[in-house]
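Thanks for asking me to look this one over. My notes are below as numbered points, so you can follow along with the structure open beside them.

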Amino acid sequence: MLGTIISSQEAIALEEKFGAHNYHPLPVVLSKGEGVFLWDVDGKRYYDFLSAYSAVNQGHCHPRILQALFDQAKELTLTSRAFYNDKLGVAEKYVCELFCYEKALFMNSGAEANETAIKLARKWGYTRKGIPDNKAIIVAVRQNFHGRTTGVISASSESSAREGFGPFLPGFEIVDYDDVQVLERALAHPHVCALWIEPIQGEAGVYVPAEGYLRRAADICRKNNVLLMVDEIQTGIARTGKNLACDYENVRPDILILGKALSGGVFPISLVLANDDIMLVIKPGEHGSTFGGNPLAAVVCMEALAVVKDEKLAENAYRLGFIFRDRMTELMKRTHLITKVRGKGLLNAIVINDSPESGTAWNICLALAKRGLLAKPTHGNIIRLAPPLVITEDQIHECCDIIEHCILSYSK
Ligand code: PLP
């Protein structure tokens with residue numbers, strides 16, 4: 001059974017029967033990836049316009065990242081943090097120097113990194129800011145997405161993320177995104193230890209806040225002795241056309257949270273970065289993870305980040321992002337089906353002119369898949385378009401042609 005080639009129908013039936021029904025995938029069964037392309041079990045080739053939710057910025061199965069993985073896997077994969085290993089410190093130095101922080105804490109999933117950030121912010125609040133015990137408040141924003149753990153969803157405003165999963169963790173206040181007035185009020189409360197924010201809300205549908213919002217938010221945090229805790233799990237590692245989306249406004253978060261493309265999609269690696277005065281509030285035995293900081297992750301992460309730099313992926317995403325949005329904006333003028341085009345770099349979305357329940361965006365994605373491009377709706381009527389950052393200008397144009405054809409020939 002293991003390794004046997006199965007048909008699409010068999011693969012889907014197996015997942016349906018034996019897998020939990022916690023996702024609703026498009027009916028495409030993928031078996032191979034390389035660069036910007038994916039292939040299904042029948043050998044049909046697709047452009048990947050989801051990039052595993054921006055985990056595969058470096059392209060599928062990048063040879064340098066795979067080589068680093070294989071080489072290290074033959075030597076040592078996991079020791080736990082009960083002992084030192086010869087790769088973790090090297091990787092910690094690498095990421096600290098790259099992102100300009102004093103300390104790094106490796107975890108695995110994005111949600112775990114966010115949980116780590118919550119603990120850091122709270123402990124900092126009690127031990128440094130002098131917030132009374134158990135009174136710390138983290139200000140989060142509406143429509144955030146930081147993962148699926150019970151702690152993280154306690155700060156969610158989405159009923160699909162929360163319903164049936166309570167009781168929730170106390171200590172969060174939710175305010176409107178992209179509104180500096182509410183931040184002025186909320187962050188002034190003396191029990192607030194952190195503002196927790198995405199520079200662009202990816203899962204919510206690629207919401208880009210007004211220019212200057214992040215800068216103002218950082219200033220209000222500083223004024224109130226509140227930590228700025230930025231989740232760049234989806235926007236980071238060159239996705240939006242800069243190394244970090246925060247770079248657009250010269251903002252340096254007090255706590256930076258990274259994940260996804262840290263491994264180029266090879267396996268889960270996440271990371272929290274902060275300076276000593278924040279990171280060292282956590283003492284031995286107070287936080288950790290068996291797999292966090294394993295030598296395989298350390299080596300893969302360094303190689304994945306080196307690829308981003310060597311292949312100038314931020315520059316490519318920046319340049320091609322304009323071409324892509326220009327083409328989509330032109331298309332919007334020719335159809336009533338698109339009401340908005342938005343994004344930065346190669347994290348973009350089009351908003352479909354129909355209700356989230358209508359199925360129109362889903363059907364457009366099915367039509368796109370038929371013509372060899374994979375994308376998925378978010379929130380019903382928004383289609384996120386985020387290819388691997390190794391995509392070329394010619395390929396971007398070819399993909400815009402596919403999208404244009406599907407939208408213009410779409411009928412219910
Ligand atoms: N934070 C952001 C901004 C994300 O986009 C995601 C995943 O989409 C997460 C956190 C959660 O990451 P993970 O699925 O690795 O737990």
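1. Before we start, one term: a polar contact is a pair of N or O atoms within 3.5 Å. With that in mind, look at Lys260, where a polar side-chain atom lies 2.7 Å from an oxygen atom of the ligand. Please keep in mind throughout that this is a predicted model.

2. Staying with the ligand, there are 13 residues around it, and Gly110, Ala111, Asp231, Gln234 and Lys260 come nearest. Two of these use their backbone. Gly110 has a backbone N or O atom 2.8 Å from an oxygen atom of the ligand. For Ala111, a polar backbone atom is 2.8 Å from an oxygen atom of the ligand.

3. Next, Asn114, which you will find in helix 5, residues 110-129. Is Asn114 buried or exposed? Its relative accessibility is 0%, so Asn114 counts as buried. The side chain of Asn114 makes a polar contact of 3.0 Å with the side chain of Trp196, and another polar contact of 3.0 Å joins it to the side chain of Asp231. Asp231 is also one of the residues that come nearest to the ligand. Leaving aside residues up to four places away in sequence, Asn114 touches His146, Val152, Trp196, Asp231, Ile233 and Ile257.

4. Ser156 makes a useful stop in a loop, the one between helix 6 (150-153) and helix 7 (159-162). Residues under 20% relative accessible area are called buried, and Ser156 has 8%, so it belongs in that class. Apart from residues up to four places away in sequence, Ser156 touches Asn144, Ala161 and Arg162.

5. Now for the aromatic side chains. How many aromatic pairs does a search of the whole structure find? The search gives seven. One of them is Phe37 with Tyr47, a tilted pair with 4.8 Å centre to centre and 45° between the planes. This pair links distant parts of the chain, with Phe37 in strand 2 (residues 37-40) and Tyr47 in strand 3 (residues 45-48), ten residues apart. Both rings belong to buried residues: Phe37 has a relative accessible area of 13%, and Tyr47 is at 3% relative accessibility.

6. A second pair is Tyr177 with Tyr213. Why is this pair edge-to-face? The ring centres of Tyr177 and Tyr213 are 5.5 Å apart and their planes stand at 80°; planes over 60 degrees apart count as edge-to-face. Here too the pair links distant parts of the chain: Tyr177 is in the loop between strand 6 (172-175) and helix 8 (180-186), while Tyr213 is in helix 9 (residues 213-223), 36 residues apart. Tyr177 is buried, with a relative accessible area of 13%, and Tyr213 is buried at 3% relative accessibility.

7. Going back to Phe37 and Tyr47, these two form one aromatic cluster together with Trp39. Trp39 has a charged companion as well, since Lys32 lies over its face, at 5.6 Å from the ring centre. Another such arrangement involves Lys17, whose charged end sits over the ring of Phe18, 5.3 Å from the ring centre.

8. Tyr47 also leads us to Ile402, in helix 14 (residues 393-408). Setting aside residues up to four places away in sequence, Ile402 touches Tyr47, Leu368, Arg371 and Leu373. Ile402 is buried, with a relative accessible area of 12%. For a sense of scale, Ile402 and Met229 are 173 residues apart in sequence and 39 Å apart in space, C-alpha to C-alpha.

9. Finally, please look at strand 15, residues 382-385. Which residues cover its two sides? Ile382 and Arg384 are on one side, Ile383 and Leu385 are on the other, and all are buried. Strand 15 runs antiparallel to strand 12 (residues 347-352), joined to it by four bridges, with Ile350 opposite Ile383. Strand 15 is also antiparallel to strand 14 (residues 376-378), through three bridges, and Thr378 has Ile382 as its bridge partner. Strands 14 and 15 form a hairpin with three residues between them, and His379 in the turn has a positive phi of about 55°.

Note on methods. Residues numbered from 1 in each chain as written. Predicted model: local features only at pLDDT ≥ 70, side-chain atom pairs only at ≥ 80, totals over all residues. Heavy atoms only, no water. Buried < 20%, exposed > 50% of the residue type's maximum accessible area, 1.4 Å probe, protein only. Pairing = 2+ DSSP bridges. Polar contact = N/O pair within 3.5 Å; in protein donor to acceptor, adjacent residues only side chain to side chain. Contact = heavy atoms within 4.5 Å. Phe/Tyr/Trp six-rings, centres within 6.5 Å; stacked < 30°, edge-to-face > 60°. Lys NZ or Arg CZ within 6 Å of the ring centre and 35° of its normal. Near = heavy atom within 4 Å.
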